[in-house]
Amino acid sequence: MRWYNNLYISPSAKKKSKKIIWKIKHKAGLINVYVITLASNSSNLLDIIPSSDLLFLSYPRENVKVLGIAKGYTEALELSCEIVKEVYENTGKFDVHNYFKNSFKEVSR
């Protein structure tokens with residue numbers, strides 16, 4: 001799993017963001033927390049994944065590139081819109097993958 005250097009964090013998640021990130025990195029359970037990642041396929045811009053899905057052993061965590069975290073699905077949607085809007089305003093395109101491709105760091109354990 002790789003994390004965006006300037007992680008997007010929804011308003012409700014800001015206060016406990018360090019705890020949320022720690023729990024995701026250490027596979028601890030979280031309720032109603034979502035991660036926004038680069039899309040897993042070329043047809044989409046972003047993926048919104050419930051953090052609980054990352055607990056499954058079969059989930060390909062090593063390929064996940066996290067752009068943001070949010071508490072609640074509505075905030076995850078709003079944060080995703082904010083990310084796509086920023087990409088479009090800065091590039092005039094919706095090429096989210098290329099905009100962020102070199103902005104991730106490995107998870108430290």
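**Reasons behind the labels**

Analyst: Y34 stands opposite P50 in strand 3, and, in this predicted model, Y34 also stands opposite A70 in strand 4.

User: What makes strand 2 and strand 3 a pair, and in which sense do they run?

Analyst: Two strands count as paired when at least two bridges are found between them; five bridges join strand 2 to strand 3, so the requirement is met, and the two strands run antiparallel.

User: How do you know that strand 4 pairs with strand 2, and in what sense?

Analyst: The same test of at least two bridges applies, and strand 2 (residues 33–38) and strand 4 are joined in the antiparallel sense over five bridges. Besides Y34 opposite A70, V33 stands opposite K71 in strand 4.

User: In which sense do strand 1 and strand 4 pair, and over how many bridges?

Analyst: Strand 1 (residues 2–9) and strand 4 pair in the parallel sense over four bridges, and the partner of R2 in strand 4 is K65.

User: Why is strand 4 called largely enclosed?

Analyst: A residue is buried when its relative accessible area is under 20%, and five of the seven residues of strand 4 (residues 65–71) are buried, so the strand is described as largely enclosed by the rest of the structure.

User: Why is the same description given to strand 2?

Analyst: In strand 2, six of the six residues are buried, and therefore strand 2 too is largely enclosed by the rest of the structure.

User: Why is T37 counted as buried or exposed, and what is it in contact with?

Analyst: T37 is found in strand 2, and its relative accessibility is 2%, which is to be set against the limit of under 20% for a buried residue; T37 therefore counts as buried. Leaving aside neighbours within four places in sequence, T37 is in contact with L46, D47, I49, V64, K65, V66 and L67.

User: Which residues of helix 3 are buried, and what covers them?

Analyst: The buried residues of helix 3 are E75, A76, L79, S80, I83, V84 and V87. What covers them includes strand 1, helix 1 (11–14), strand 2, strand 3 (46–50), strand 4 and helix 4.

User: How do you know that the span of helix 3 is close to the expected one?

Analyst: The expected span is 1.5 Å times one less than the number of residues; helix 3 has 19 residues, and it reaches 27 Å from its first C-alpha to its last, close to the expected 27 Å. Just after helix 3, G92 takes a positive phi of about 75°.

User: What makes K85 and E89 a salt bridge?

Analyst: The rule asks for a side-chain nitrogen of Lys or Arg within 4 Å of a carboxyl oxygen of Asp or Glu, and the closest N and O atoms of K85 and E89 are 4.0 Å apart, so the pair qualifies. By this rule the count comes to one salt bridge. Both residues lie in helix 3, four residues apart, about one turn of the helix, and both are exposed.

User: Why is F94 called partly exposed, and which patch does it help to form?

Analyst: Partly exposed covers the range between the buried limit of 20% and the exposed limit of 50%, and F94, at 47% relative accessibility, therefore counts as partly exposed. F94 is found in the loop between helix 3 (73–91) and helix 4 (96–100), and L45, Y88 and F94 form a nonpolar patch on the surface, with about 290 Å² of accessible area together.

User: Why is I31 called buried or exposed?

Analyst: Exposed means over 50%, and I31 has a relative accessible area of 77%, so it is exposed. I31 is found in the loop between helix 2 (17–25) and strand 2; I31 and S52 are 21 residues apart in sequence and 7.2 Å apart in space, C-alpha to C-alpha.

User: What makes the phi of K27 and that of N32 worth noting?

Analyst: Most residues other than glycine have a negative phi. K27, although not a glycine, has a positive phi of about 55°, and the phi of N32, again a residue other than glycine, is positive and near 65°. K27 lies in the loop between helix 2 and strand 2, as does N32. At 42% relative accessibility K27 counts as partly exposed, and N32, at 46%, likewise counts as partly exposed.

Terms used: Residues are numbered from 1 along each chain as its sequence is written. This is a predicted model: local features need pLDDT of at least 70, side-chain atom pairs count only at pLDDT 80 or more; totals for chains, interfaces and linings use all residues. Side-chain values use heavy atoms; hydrogens and water are left out. Buried means under 20% relative accessible area, exposed over 50%, partly exposed in between (1.4 Å probe, protein chains only). Patches are made of residues with over 30% relative accessible area and no salt bridge: like charges are joined within 9 Å, nonpolar side chains (Val, Leu, Ile, Met, Phe, Trp, Tyr) within 5 Å. Accessible areas come from the Shrake-Rupley method with a 1.4 Å probe; for residues, only the protein chains shown count as cover. Contact means heavy atoms within 4.5 Å.
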